[in-house]
Amino acid sequence: MSNTFIFNDKKTGEILNRFLSGDILNQIISHEFRNKISDIHLTTFFQEVFWASILTEERNHHLLSVALSPSEPLLERGMDEKTTFKFKKSEKFNAKILAKLSPALENTNHHLGVWVDKDSELEIWGFTTDSKIVANVVEVGQVLVVGEVFETGKPIRKEKIAIDYSEINFIEDIQIPNLSDEIKSLALEMRKHKHGGTLLVIDGNKFKDYGIIDSALYFDTPKSITIEIDHLSMEAKKAFSRRNSENQDKNFALLSRLTAPDGATIINDKLEVIAFGAKLKPNSEESNENIDISLSKPFENFEIDPDKNKISKLGGTRHQSAARFIYDLKDNSLAIVASSEGKISIVYWEEEAQEIRVIQHAEYMFL
């Protein structure tokens, strides 16, 4: 199995150096960390986590999370407090054991703790909340590695690396107009139902100017997934927020499920649901083969493919329909398209360049 997928070990030194850079205090910690963890260790770490994402446990794939972390801090100074559960006897570090243990921690804030044993081999020593270097399985064969970078003993940013089968890429955030934290949360919720779907975010009631086939299911009035509490006192707001948080999460889950049926779900910029199951038709006769797009991914040094610069070459019906919707509406409109495999694309209108922008693999920016 290890012969059919080999991690690009030329990247491991670069990965460690970027994760462990920082101020003088962090350099001391990094030095001891670097003395324990070699490029070979890191290569093995990534490869086994990748293969664990392929394996099933009780016929199911599990989204495991693995932290490269000592069971005892290398240095007490500057290390954040963490919760650990240490096994009486460590387990061997391999994909089979990782897959076996993964159901225990799925959807928790704990990771499987992995470190170097007395024989300089990696071992699984227990559970930890330490998150300085963590490999998270996003989907089968898709791993996101997150490392915290510190200054004056405090985390200031996170470096991210995507391992997606044969591709290994450093992640960079792309600034997208009108993409709020709430929309990001909805996009991640859309990944969970695994049906794929399209979420269209528009400015006010502008959708009335757009052609929608009668298959859409409308609400009598736009239904909000949030509740206005501006009129409440500060004490009442705090009490209300505590009581309402669970309902708010359920409302987000409901809205994301509305994207599962065939057709698009349409909301406005106040997160009010207008319709779902909508089939869209263009406003004009202009062919998708004549409309330009700019296709990108949130990866450092990503090169745009000039052969994929038209809507007609974008992919399936969902993506082409969303791109055409954005082209026709333009101002302040945004489309989120999720595939059944969990991949997210964001489509929006870039006003300054006067073109459609499509960001593929946007899930890596949100996770």
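The lining of the largest pocket comprises 13 nonpolar, 13 polar and 12 charged residues, and this pocket belongs to a predicted model. Its volume is about 1100 Å³, while the second largest pocket has a volume of about 300 Å³. Across the whole structure, a search finds 12 salt bridges, and some of these are described below together with the two pockets.

**Largest pocket**

- In total, 38 residues line the largest pocket, and those that lie nearest its centre are Leu 63, Val 137, Val 138, Arg 191 and Leu 367.
- Two or more residues of this lining come from each of strand E5 (133-139), strand E6 (142-151), strand E7, helix H5 (181-193) and helix H6.

**Second largest pocket**

- The second largest pocket is lined by 17 residues, with Lys 279, Leu 280, Thr 317, Arg 318 and Ser 321 lying nearest its centre.
- Strand E13 and helix H7 (317-329) each supply at least two residues of the lining, and helix H7 gives the most, with six residues.
- By class, the lining of the second largest pocket divides into six nonpolar, six polar and five charged residues.

**Salt bridges between separate elements**

- Lys 343 and Asp 164 meet through their side chains in a salt bridge, with an N to O distance of 3.4 Å. Because Lys 343 lies in the loop between strand E15 (334-338) and strand E16 (344-350), whereas Asp 164 lies in strand E7 (residues 154-164), the pair ties together parts that are 179 residues apart in sequence.
- Within this pair, Lys 343 is partly exposed, with a relative accessible area of 30%, whereas Asp 164 counts as buried at 15% relative accessibility.
- The side chains of Asp 262 and Lys 279 also form a salt bridge, at 3.2 Å from N to O. Asp 262 is in the loop between helix H6 (234-257) and strand E12 (264-268) and Lys 279 is in strand E13 (residues 272-281), so this pair ties together parts that are 17 residues apart in sequence.
- Asp 262 counts as exposed at 55% relative accessibility, while Lys 279, which is also among the residues nearest the centre of the second largest pocket, counts as partly exposed at 32%.

**A salt-bridge network and a further pair**

- Glu 139, Arg 191 and Lys 194 are joined into one network by salt bridges that share partners, and Arg 191 is also one of the residues that lie nearest the centre of the largest pocket.
- A salt bridge also links the side chains of Asp 39 and Arg 34, at 3.2 Å from N to O; Asp 39 is partly exposed, with a relative accessible area of 29%, and Arg 34 is partly exposed, with a relative accessible area of 27%.

Note on methods
Residues are numbered from 1 along each chain as its sequence is written. This is a predicted model: local features need pLDDT of at least 70, side-chain atom pairs count only at pLDDT 80 or more; totals for chains, interfaces and linings use all residues. Side-chain values use heavy atoms; hydrogens and water are left out. A salt bridge is a side-chain nitrogen of Lys or Arg within 4 Å of a carboxyl oxygen of Asp or Glu. Buried means under 20% relative accessible area, exposed over 50%, partly exposed in between (1.4 Å probe, protein chains only). Helices (H or I, at least four residues) and strands (E, at least two) are DSSP runs, numbered from the N terminus. On a 1 Å grid over the protein atoms alone, a cavity is a set of points where a 1.4 Å probe fits but cannot get out, and a pocket is an open set with protein on both sides within 12 Å along at least five of seven lines; lining residues have an atom within 4 Å of a point. Grid points are joined across faces, edges and corners, and a volume is the space filled by probe spheres set on the points. Ala, Val, Leu, Ile, Met, Phe, Trp, Tyr, Cys and Pro count as nonpolar, Asp, Glu, Lys and Arg as charged, and the others, Gly among them, as polar.
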